[in-house]
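Visitor: I am new to reading protein structures. Please walk me through this one, feature by feature.

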Amino acid sequence: MHDPTFDHDTWQVAGTPLSSRFLLGTAGYPSPQVLGEAIAASGTQVVTVGLKRALAAGGDNGFVAIVREAVRTQGARLLPNTAGCRAAREAIELAHMARELYDTPWLKLEVIGDEHTLQPDPFELLQAATQLVREGFVVWPYCTDDLVLCRRLLDVGCPVLMPWGAPIGSGQGLLNPFALRTLRERLPGATLIVDAGIGAPSHAAQAMELGFDAVLLNSAVAQARDPVRMARAFRAAVQAGRDAWQAGVMARQDFAVPSTPVGSEPLLIGGTP
């Protein structure tokens, strides 16, 4: 039986209700116009913007202006990020600049520990998250799929966890579904968002089928031949994956199971024999 609550499937972060489960980055688009059209096509309510990139471009450049317009017209929320930071102190300083510039306590916290994989540094990340939560930030930490680290981040007050699916910008999809499934099972009450590594709509659907609350991606849309159409594709895939999770994906079997039972019972078609 269809459950009408599926049609009103909202979630929330720090008391802010959200209906879209597709979060979109804003870097690497061919033009501000394409970015604006992709944001509209995605239906997103959360868009990320890198403060370092904005400052390097002279502050409120064309891309940031488009993001601000999306916030105004679509009711989207800005999620500034600390992309490019390599130490807790650097990320904390950038976080304060972001709060002042964008007038929001929301922050996607990134502290990178390896230049080749762009893997988060768990020690610097936890240190920065601990201090920023104390200072009133709503911290969205970009982290690995390590269960112990994720628990520590929750313990210090992060309302969201954003484990990676694969290295940033790699497009490899979910390299360790087992670890992600374990996070969902062991942290049933946590808000979990797959961030980084998603390259195709099927990857996003897979993440949602595992029970994750949302996905965040950038390159897969920005680098597509048609970013606007790709944004629409991801929007549909995220919704399909969410619907599948709620409907209940069938259990896998190691053997064949006939969809039509074969036995001595008569097959009833159109009435009683």
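Visitor: Let me start with one residue: is Val228 buried or exposed?

Guide: A residue is called buried under 20% relative accessible area, exposed over 50%, and partly exposed in between, using a 1.4 Å probe and protein chains only. Val228 has a relative accessible area of 15%, so it is buried. Before we go on, please note that this is a predicted model, in which local features need pLDDT of at least 70 and side-chain atom pairs count only at pLDDT 80 or more, while totals for chains, interfaces and linings use all residues. Residues are numbered from 1 along each chain as its sequence is written, and side-chain values use heavy atoms, with hydrogens and water left out.

Visitor: Where does Val228 sit, and which residues is it in contact with, leaving aside its neighbours within four places in sequence?

Guide: Val228 is in helix H10; helices here are DSSP runs of H or I with at least four residues, strands are runs of E with at least two, and both are numbered from the N terminus. Contact means heavy atoms within 4.5 Å. With neighbours within four places in sequence left aside, Val228 touches Val34, Glu37, Ala38 and Ala41. Val34 is 194 residues away from Val228 in sequence, yet their C-alpha atoms are 7.0 Å apart in space.

Visitor: How much of the chain's contact comes from residues that are 24 or more positions apart?

Guide: Such pairs account for 65% of the chain's contacts with a separation of 6 or more. For the overall picture, the chain has ten helices and ten strands, and buried residues make up 47% of its 273 residues.

Visitor: Now a pair of helices: how do H4 and H5 cross?

Guide: Two packed helices are described by the angle between their axes and the distance between the axes. Axes are lines fitted to C-alpha atoms, for helices over the stretch in contact, and angles run from 0 to 180 degrees between N-to-C directions. Here the axes of H4 (residues 88-102) and H5 (residues 122-134) come within 8 Å and cross at roughly 35°. H4 contributes Ala88, Ile92 and Ala95 to the contact, and H5 contributes Glu124, Gln127, Ala128, Gln131 and Leu132.

Visitor: What happens in the loop after H4, at Asp103?

Guide: Asp103 lies in the loop between H4 and strand S6 (106-109). Its phi is near 55°, a positive value in a residue other than glycine. With 71% relative accessibility, Asp103 counts as exposed.

Visitor: Following the chain into S6, which of its residues are buried?

Guide: S6 is covered on both faces: Trp106 and Lys108 are buried on one side, and Leu107 and Leu109 on the other. Two strands pair if DSSP finds at least two bridges between them. S6 is joined by four bridges to strand S7 (residues 138-143), and the two run parallel. Trp106 has Val138 of S7 as its bridge partner. The chain gets from S6 to S7 through H5, in a right-handed β-α-β crossover; right-handed says that, with the strands pointing away from the viewer, the path from the first strand over the helix to the second runs clockwise.

Visitor: Which other elements make a right-handed β-α-β unit?

Guide: Strand S9, helix H8 and strand S10 do. In the loop between S9 and H8 you will find Ala196, which has a positive phi of about 90° although it is not a glycine. In contrast to exposed Asp103, Ala196 is buried, with a relative accessible area of 9%.

Visitor: What covers the buried residues of H8?

Guide: The buried residues of H8 (residues 201-209) are Pro201, His203, Ala204, Ala205, Ala207 and Met208. Their cover includes S9 (191-195), S10 (214-217) and H10 (227-247). Gln206, also in H8, is partly exposed at 30% relative accessible area. Beyond four places in sequence, Gln206 is in contact with Leu174 and Pro177.

Visitor: Finally, which strands does S10 pair with?

Guide: S10 pairs with S3 (residues 22-24) in the parallel sense over three bridges, with Phe22 opposite Val215. S9 and S10 are also parallel, over three bridges, and there Asp195 stands opposite Leu216. Along S10, Ala214 and Leu216 point one way and Val215 and Leu217 the other, and all are buried.
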